[in-house]
Structures are given as structure tokens and as C-alpha cells.
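Please open the model in your viewer, with the sequence panel beside it, and keep the selection tool at hand. The stops below go from whole chains to single side chains.

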Amino acid sequence: MKQNINLYKKYQADLKKDKTVSAQTTYLVLLISVSLIIGVYGLRVAIETSILKGEIKATQLYLQNEDNKRRYDAVKKTENENQLLGSFQTSLKEINNVFSEKDSISGKVLSEIESARPSTLVIADMILDGPNAIIKFESDTAKDPSNFVRNLKGSDIIQSVEYKGYDYDATENKYLGSLTLILKGNF
Amino acid sequence: MACIIEVRDQELYIFKGKRNKGIMNVSKHFRIYLAQPLFDGDRVIYNDALVEQVREILNKNGVKDRYITLVLNDRIALTKDLIVPKTDKKKLDLIITNEMVALYNLSREFIVDYRVIKDSLSKTDTQIKVLASAVRRNTIAGLEMFFKELGMKIQSIDTAPSTYLKFIDNIELIESNEPTVVVDASSSYLRYYLYNNKEFMLMRTLYIDIEDEASQISTRAIHVLELLAQSQIGLTGKPIGQIKILGYHKRFTLMESLIEEKIGIVPSTPPILALVNKNDKDLYDFGNSMGVS
């Protein structure tokens with residue numbers, strides 16, 4: 001049974017309570033603020049993730065679309081053709097360079113042919129046509145044409161050698177043949 | 001020995017004493033009439049002049065107590081007896097606070113406390129009678145500041161009706177079962193306590209302003225007493241049988257003649273000085289403080 005009135009004790013208890021409530025309010029505000037910040041950040045991340053997922057899905061759909069695949073293949077084919085045409089263009093440029101520069105025959109060509117020629121092989125005729133040189137020859141032995149072609153292929157100034165073999169002339173007892181040289185650009 | 005200070009509008013009643021085996025051993029009792037009222041509305045005025053005046057008189061009378069008990073005896077403290085359901089302390093606190101808020105239209109600014117004046121007598125009795133008081137927070141804060149300036153720390157604050165009821169109980173003033181009115185006829189107020197079957201029934205207060213005319217005071221004093229008498233008849237069917245006068249001894253003669261003339265009852269002045277170690281009529285007016293001790 002409460003026997004005494006003590007308004008001062010109540011007053012002090014209320015003050016203490018107010019301070020506690022004030023501290024609790026501060027903590028609550030702080031907690032709400034942090035929660036809001038985390039919430040907003042989380043929402044932002046969620047929205048961004050959602051947007052990215054949407055973009056990924058759209059991209060996947062775009063990539064998986066048959067029509068797009070056909071277009072991609074067509075583009076790829078065109079690209080390959082372009083690459084091929086590009087290499088053709090490079091070759092043509094090179095050939096054109098050779099053509100534009102081949103207004104004279106370097107003496108080195110003749111000396112290379114001469115040094116490649118076996119001693120028993122005789123050059124019967126030689127026609128110079130741009131980067132090509134058509135050489136007709138005759139020899140006493142069957143191995144001379146082969147040696148001649150091998151030597152020419154080892155030369156630095158010759159791009160390629162077209163050789164289709166030789167014929168044997170029994171009356172003359174000679175081996176007759178011809179070959180076509182394709183010279184390198186600078187020769 | 002505790003120092004009790006009864007705070008009135010423009011007076012401080014300083015009392016130091018202790019009750020021992022039914023006798024009140026009083027070591028100090030004196031009044032300080034303040035140069036200006038202590039309260040302005042609900043605000044406590046504490047200026048240097050007022051603090052210095054009180055400090056000087058306290059020092060002169062050798063009061064150097066650090067801890068004090070205050071008894072509020074002014075309109076700033078609202079006091080009411082209530083009948084409430086008997087329940088646990090926490091709920092009781094809430095019920096009484098709500099009752100006071102509803103009764104006086106109080107704001108949250110008020111501090112409410114109570115004491116039980118009649119507990120339930122049997123298990124079937126589900127109600128108790130309490131005396132509840134309410135004071136504004138800033139009034140208590142102001143008093144705290146005022147007495148802090150004097151180097152004093154408040155230990156508790158009670159209200160005058162609460163301590164006076166204790167005083168009446170302590171000196172066993174109510175001897176008869178017939179309806180009795182105890183009049184605390186002090187200098188600045190008249191407070192009536194109605195008892196029936198030795199149980200406190202109700203209380204009324206009439207504050208006296210310094211500018212009130214004597215005839216007006218007399219008329220109002222008797223009017224309140226008549227209302228109490230009518231209320232008593234309504235409640236118990238019995239008329240008031242006894243009227244006892246305490247308070248400011250210089251009012252006793254006037255009140256006695258007034259009551260005898262208007263109400264037709266010869267009031268008595270209880271011989272309380274027989275229960276006090278000092279034979280000083282001024283002690284009649286220290287009932288509120290003696291109720292604390």
C-alpha cells in the first residue's frame with residue numbers, strides 16, 4: 001500500500017525516462033537512417049541488376065534469333081570474301097608494281113640464269129615478257145634440265161619456275177625443253 | 001532531524017522536529033514572509049533578492065540543512081481524493097493519472113502521484129480510496145532551482161492535504177464516529193476535512209486573497225461549511241456533529257463565533273500542544289509539516 005506522495009521522485013523518474021526516450025529516439029532515428037540508406041542502396045543495386053538482366057536477356061534473344069544468325073553468317077561470308085578480295089587486291093598491287101617497274105631487265109637476271117645453267121645445257125631461246133622469262137634449252141644429258149630448274153628455284157630473284165619436263169630428240173641425240181620463270185618484283 | 005519546508009504563495013514554514021512515542025519533539029519552527037509571491041502562475045520566481053532574503057533568515061535561525069522535504073500548500077498543487085479499482089501498482093498509477101487528467105483537464109506537463117488513504121477492508125471490496133496530487137514539471141524544476149541556490153537539495157515533495165490527513169491520524173484527532181469537520185483555518189486559506197465513522201470522506205479548500213474583505217471571507221467560509229453539511233446529510237443522512245478548528249491561532253476566536261452563530265455548533269480547538277514538547281500556539285499552524293514527521 002502506497003503511504004506517501006513524492007512528486008519529486010516522480011519528477012526525477014520522468015526526467016530519467018525522458019532522457020532514456022530521447023536516447024532511444026536517437027538510436028531509432030539512426031537505425032531508420034541506416035536502414036533507409038541500405039534500403040535505397042539495395043534498391044538501386046536491385047534495379048541495376050534487373051536492368052542488366054533485361055539487357056542480357058535481350059542480347060541473348062538477339063543472338064538466338066534465327067534471322068540475326070542468318071544475317072551474321074551472311075556478314076561473315078561477306079567479310080571472308082572481303083578478305084579474299086583484299087588479298088587479291090594486294091597481289092594485284094604487287095603485280096602492278098612489277099608491271100610499272102619492269103621497263104628494263106636487270107643484268108642480274110641473266111647472270112643468275114647463266115650461273116644456274118649446267119655447262120652442258122645450251123639456252124636456245126629466251127623471251128622476256130614482263131615479269132616472265134620463257135627459256136627454251138637443249139642438253140646432252142637428261143639430268144641437266146632438272147639441275148637447271150633446281151638451280152633456278154634456289155635463286156633469290158626468281159619468284160617461281162614453271163617446268164613441264166623435256167622431250168628427247170633421237171635424231172640429234174638431244175634433250176629439248178622449256179620453262180617459264182616468274183621474276184620477283186624488283187627484277 | 002529532517003528539515004521540512006511548507007511552501008505557500010508568499011510564505012515558507014520552516015519546521016524541524018521528529019515524532020517519538022506520540023510526542024512531537026520540535027527543535028525549530030518559524031515562518032519566512034517573502035518579499036514577493038514565490039509563484040507567478042505555474043512559474044517559480046527566484047531572483048537574487050528573494051534568495052538572499054531566505055538565506056539570511058535561515059542563517060539567522062541556524063538552519064544549515066543540506067536535505068529538505070517540501071510540502072506544497074498552494075493552488076499550484078492540485079489535490080483530489082479518488083475512489084479507484086484495487087489493482088497492481090503499475091495499473092493503479094495509470095488509472096490515477098488518467099483520472100486526474102480527465103478531472104482537471106491536465107496536460108502531459110503535469111506530474112501526478114498519490115497515496116492510499118483507505119485500502120480495501122475485505123477480499124470482496126474491489127475499490128480503494130486514494131489522495132492524488134498533480135503539479136507542473138516546471139514548478140518542481142523551479143523549486144529545485146530555488147532551493148539549490150540556497151544550497152539545499154530536495155528529497156521529497158508532498159502536498160498539504162496529504163500531510164494534514166497524516167497529522168490528523170497521528171494525533172488521533174477524530175475520536176467520535178459522528179460526522180466531524182476539521183477546519184485548518186490558516187492565514188492564507190481555509191481547508192475543511194470531513195470525516196464520518198472516523199473515515200475521511202472529502203475535503204474542500206477556500207483560498208484567501210490578501211485583498212479579500214473580512215466579511216466576504218466570513219460569508220464564503222460559512223457557505224463552504226454549509227455545503228459540506230448538506231453533502232454529509234446526502235451521503236450518510238446524519239448532520240455534522242463536531243467541528244474542530246486548527247491552523248492560525250489568531251483566527252480561532254473569529255471562526256468559533258462565526259460557526260456557532262451560523263451553523264449552530266460549538267467548535268472546539270483540540271489541545272494538540274499537549275502532544276508537542278513546546279508550548280507555542282504558533283505550532284497549531286504547522287500541522288502540514290508535523291504530518292510529515
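Begin by selecting chain A, whose secondary structure comes to 4 helices and 4 strands, and follow the elements from the N terminus, where they run α-α-α-β-β-α-β-β. Bear in mind throughout that this is a predicted model. If you colour chain A by relative accessibility, 18% of its 187 residues count as buried, and the accessible surface of the chain comes to about 13,600 Å², of which 57% belongs to carbon and sulfur atoms. Among the contacts in chain A with a separation of 6 or more, 54% are accounted for by residues 24 or more positions apart.

Stay in chain A and select helix α2, residues 66-101, where D67(A) and R71(A) are 4 residues apart and therefore separated by about one helical turn. Show both side chains: D67(A) forms a salt bridge with R71(A), and the closest N and O atoms are 3.3 Å apart. With a relative accessible area of 33%, D67(A) is partly exposed.

Now select chain B, in which you can count 7 helices and 14 strands. Of its 293 residues, 51% count as buried, and the chain exposes about 13,800 Å², with carbon and sulfur atoms supplying 49% of that area. Here residues 24 or more positions apart account for 64% of the contacts with a separation of 6 or more.

Next, show both chains and turn to the place where they meet. How many residues does the contact take from each chain? It takes 12 residues from chain A and 23 residues from chain B. The size of an interface is often given as the accessible area lost when the parts come together. Between chain A and chain B the buried area is about 1,900 Å², of which carbon and sulfur atoms give 55%. Select I5(A), L7(A) and Y8(A), since these residues supply 41% of the area that chain A buries against chain B, more than any other three residues. The count between the two chains is 3 salt bridges, and one of the salt bridges to display is that of D14(A) and R137(B), whose side chains meet at 3.1 Å, N to O.

Hide chain A and look for the open sheet of 5 strands in chain B, which has the order β3-β2-β1-β6-β10 with mixed pairing. Its edge strands are β3 (23-33) and β10 (153-159), each of which pairs on one side only, while neighbouring strands of this sheet are turned by 25° against each other on average, direction ignored.

Within that sheet, select β1(B), residues 3-7, and consider its two neighbours in turn. Toward strand β6 (residues 67-72) of chain B, the strand pairs in the parallel sense over 5 bridges; there C3(B) stands opposite I68(B), and the bridge partner of I5(B) is L70(B). Toward strand β2 (residues 11-20) of chain B, 5 bridges join the two strands, which run antiparallel, and E6(B) has Y13(B) as its bridge partner. β1(B) and β2(B) form a hairpin with 3 residues between them.

Is β1(B) enclosed by the rest of the structure or exposed, and why? The strand is largely enclosed because 5 of its 5 residues are buried, where buried means under 20% relative accessible area. In a regular strand the side chains alternate between the two faces of the sheet. Both faces of β1(B) are covered, with C3(B), I5(B) and V7(B) buried on one side and I4(B) and E6(B) buried on the other.

Finish with charged side chains, of which the structure as a whole holds 22 salt bridges over all chains. Select D40(B) and R43(B), which form a salt bridge with the closest N and O atoms 3.1 Å apart; D40(B) counts as partly exposed at 42% relative accessibility, and R43(B) is partly exposed with a relative accessible area of 48%. Then select K118(B) and E199(B), whose side chains meet in a salt bridge at 3.4 Å, N to O. K118(B) lies in strand β8 (residues 110-118) and E199(B) in strand β13 (residues 199-207) of chain B, so the pair ties together parts that are 81 residues apart in sequence. K118(B) counts as partly exposed at 30% relative accessibility, as does E199(B) at 32%. As a last selection, take E6(B), R8(B), R31(B), D282(B) and D285(B), which salt bridges that share partners join into one network.

Key: Residues are numbered from 1 along each chain as its sequence is written. Chains are lettered from A and ligands numbered from 1 in the order in which they are written. This is a predicted model: local features need pLDDT of at least 70, side-chain atom pairs count only at pLDDT 80 or more; totals for chains, interfaces and linings use all residues. Side-chain values use heavy atoms; hydrogens and water are left out. Two strands pair if DSSP finds at least two bridges between them. Axes are lines fitted to C-alpha atoms, for helices over the stretch in contact, and angles run from 0 to 180 degrees between N-to-C directions. Buried means under 20% relative accessible area, exposed over 50%, partly exposed in between (1.4 Å probe, protein chains only). Contact means heavy atoms within 4.5 Å. Accessible areas come from the Shrake-Rupley method with a 1.4 Å probe; for residues, only the protein chains shown count as cover. Buried area is the accessible area (1.4 Å probe) that two parts lose on being put together, summed over both. A salt bridge is a side-chain nitrogen of Lys or Arg within 4 Å of a carboxyl oxygen of Asp or Glu.
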